Amino acid sequence: MALRIFLAGASGAIGRRLVPLLRRAGHTVVGTTRVPEKAETLRALGAEPVVVDMFDAETLMRAVAAARPAVVIHQLTDLPPGLDPSRMEEATARNARIRDEGTRNLVRAALGAGARRLVAQSIAWAYAPGPEPHSEEDPLEVNAEGRRGVTVRGVAALENRVLNSPPLEGIVLRYGQIHGPGTGADTPRGAAPLHVDAAAHAALLAVERGAPGIYNIAEPNGYITTDKARRELGFSADFRLPA
Ligand SMILES: NC(=O)c1ccc[n+]([C@@H]2O[C@H](COP(=O)([O-])OP(=O)(O)OC[C@H]3O[C@@H](n4cnc5c(N)ncnc54)[C@H](OP(=O)(O)O)[C@@H]3O)[C@@H](O)[C@H]2O)c1
């Protein structure tokens, strides 16, 4: 069924791969950026662009209401290109803020607009130390110190908000470390690598099927299990957009 979709973060690494996928599946996409100059890029990809900052709650509320979405997708991060190590200290706090405050504003706008489902990007490397591979029920390391603690508590705030805002059907995609076009990494990296096209495809699958809840999304690895996503969403880490 063709759906109206509000994609927050359409201009990001995952968002830019997701817009064409959603369009090919027959959906209508309203996609966000804060940067007016990126609006034409979004239009060329097939989205109707809207320029809005997630921290501007009132404008966001109006933008989501005007889009009349059945589904809202959250692909927001605030990270430096290529995860530049010299900028990660400051970026960690900004990224946690968008996960907490940005998600809060987006959820409120989604509820106000009467959206049915919310699909949100999270990360798959926030688990507390314990037996591996981790499944979705394993605890997050919310008491971690330093930068990791800031990140994990931001993730927990995002996930709690997405999963506990009835009547929204909340789906959390815990992505592994992405690689591929636009990510700054040409080859797999990290404990649970994930190609950006497979990440985007998982979001399309979550829009169209799957029960509310949490799904680990990555290539086969020893750190996390992705059995649930493969079984319930039909996720395949081999998915690629045509060149
Ligand atoms: N799981 C993973 O491994 C993972 C996931 C995501 C990103 N990354 C990495 O992070 C780096 C940057 O990635 P990226 O370019 O996708 O991320 P990004 O530049 O941080 O942007 C992601 C999206 O969020 C939007 N955004 C950020 N803050 C916002 C705000 N306050 N209000 C509204 N929109 C906001 C951006 O919109 P604007 O157009 O307004 O900037 C963009 O659409 C890359 O190296 C990428 O590989 C890794």
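These exercises walk you through a predicted model, one feature at a time.

**Exercise 1. The two sides of a helix**

Task: Find out which residues of helix α3 are buried and which are exposed, and explain the pattern.

Solution:

Step 1. Look along α3, which runs over residues 57–67, and pick out the buried residues: Leu60, Ala63, Val64 and Ala67.

Step 2. Ask where these four sit around the helix axis. They span an arc of only 95°, so they lie on the same side of α3.

Step 3. Recall a general rule. An α-helix has 3.6 residues a turn, so residues three or four places apart point the same way.

Step 4. Turn to the other side of α3, where Glu58, Arg62 and Ala66 are exposed.

Step 5. Now see what lies over the buried residues of α3. The cover includes the strands β1 (4–8), β2 (28–33), β3 (48–51) and β4 (71–74), together with helix α4 (88–112).

**Exercise 2. Positive phi angles**

Task: Inspect Arg68 and Leu83, and say what is notable about the phi angle of each.

Solution:

Step 1. Start with Arg68, which follows α3 and belongs to the loop between α3 and β4.

Step 2. Read its backbone angle: the phi of Arg68 is positive, near 45°, and Arg68 is not a glycine.

Step 3. Check how open Arg68 is. Its relative accessible area is 56%, so Arg68 is exposed.

Step 4. Repeat this for Leu83, in the loop between β4 and α4. Leu83 also is no glycine, and its phi is positive, about 55°. With a relative accessible area of 32%, Leu83 is partly exposed.

**Exercise 3. Cis peptide bonds**

Task: Locate the cis peptide bonds that lead into Pro133 and Pro167.

Solution:

Step 1. Go to the loop between β5 (117–123) and α5, where you will find Pro133. The bond joining Glu132 to Pro133 is cis, with omega about 5°.

Step 2. Move on to the loop between α5 and β6, which holds Pro167. Here the cis bond runs from Pro166 to Pro167, and omega is near 5°.

**Exercise 4. Pairs of opposite charge**

Task: Examine some of the 13 salt bridges in the structure and describe where the partners sit.

Solution:

Step 1. Keep the general idea in mind: side chains of opposite charge can pair when their charged atoms come close.

Step 2. Take Arg147 and Glu89, whose side chains form a salt bridge at 3.5 Å, N to O. This pair connects distant parts of the chain, with Arg147 in helix α5 (residues 146–163) and Glu89 in helix α4, 58 residues apart. Arg147 has a relative accessible area of 38%, so Arg147 is partly exposed. Glu89 reaches 56% and therefore counts as exposed.

Step 3. Compare this with Asp227 and Arg230, whose closest N and O atoms are 2.6 Å apart in a salt bridge. Both are in helix α7; they are 3 residues apart, so about one helical turn separates them.

Step 4. Look at Arg148 and Glu141, another salt bridge, with closest N and O atoms 2.5 Å apart.

Step 5. Finish with a network of salt bridges that links Asp78, Glu90 and Arg94.

**Exercise 5. A buried charge**

Task: Which contacts surround Glu219, and does the nearest opposite charge lie inside or outside the 4 Å salt-bridge cut-off?

Solution:

Step 1. Place Glu219 in the loop between β9 (213–217) and α7 (227–233).

Step 2. Glu219 is buried, and the nearest side chain of opposite charge, Arg240, is 4.4 Å away. A salt bridge needs a distance within 4 Å, and Glu219 has none.

Step 3. Look for another partner: the side chain of Glu219 reaches the backbone nitrogen of His195 at 3.3 Å.

Step 4. List the surroundings. Beyond its neighbours within four places in sequence, Glu219 contacts His179, Pro188, Pro193, Leu194, His195, Ala237 and Arg240.

**Exercise 6. Nonpolar cores**

Task: Describe the largest nonpolar core and name the element that gives the most to it.

Solution:

Step 1. The largest nonpolar core has 38 residues, and Ile73, Leu173, Tyr175, Ile217 and Phe235 have the most contacts inside it.

Step 2. Elements giving two or more residues to this core include β1, β4 and α7. The top contributor is α6, with 10 residues.

Step 3. Zoom in on Ile217: the residues it touches include Leu173, Tyr175, Ala202, Leu233 and Phe235.

Step 4. Finally, find the second, separate core of 25 residues, which includes Val64, Ala67, Ile98 and Leu118.

Methods:
Residues are numbered from 1 along each chain as its sequence is written. This is a predicted model: local features need pLDDT of at least 70, side-chain atom pairs count only at pLDDT 80 or more; totals for chains, interfaces and linings use all residues. Side-chain values use heavy atoms; hydrogens and water are left out. Buried means under 20% relative accessible area, exposed over 50%, partly exposed in between (1.4 Å probe, protein chains only). The arc is that of the directions from the helix axis to the C-beta atoms. Contact means heavy atoms within 4.5 Å. Lys and Arg count as positive and Asp and Glu as negative; His and the chain ends are not counted. A polar contact is a pair of N or O atoms within 3.5 Å; within protein, one must be able to donate a hydrogen and the other to accept it, and residues adjacent in sequence count only if both atoms are side-chain atoms. A nonpolar core is a set of buried Ala, Val, Leu, Ile, Met, Phe, Trp, Tyr and Cys residues joined through side-chain atoms within 4.5 Å.
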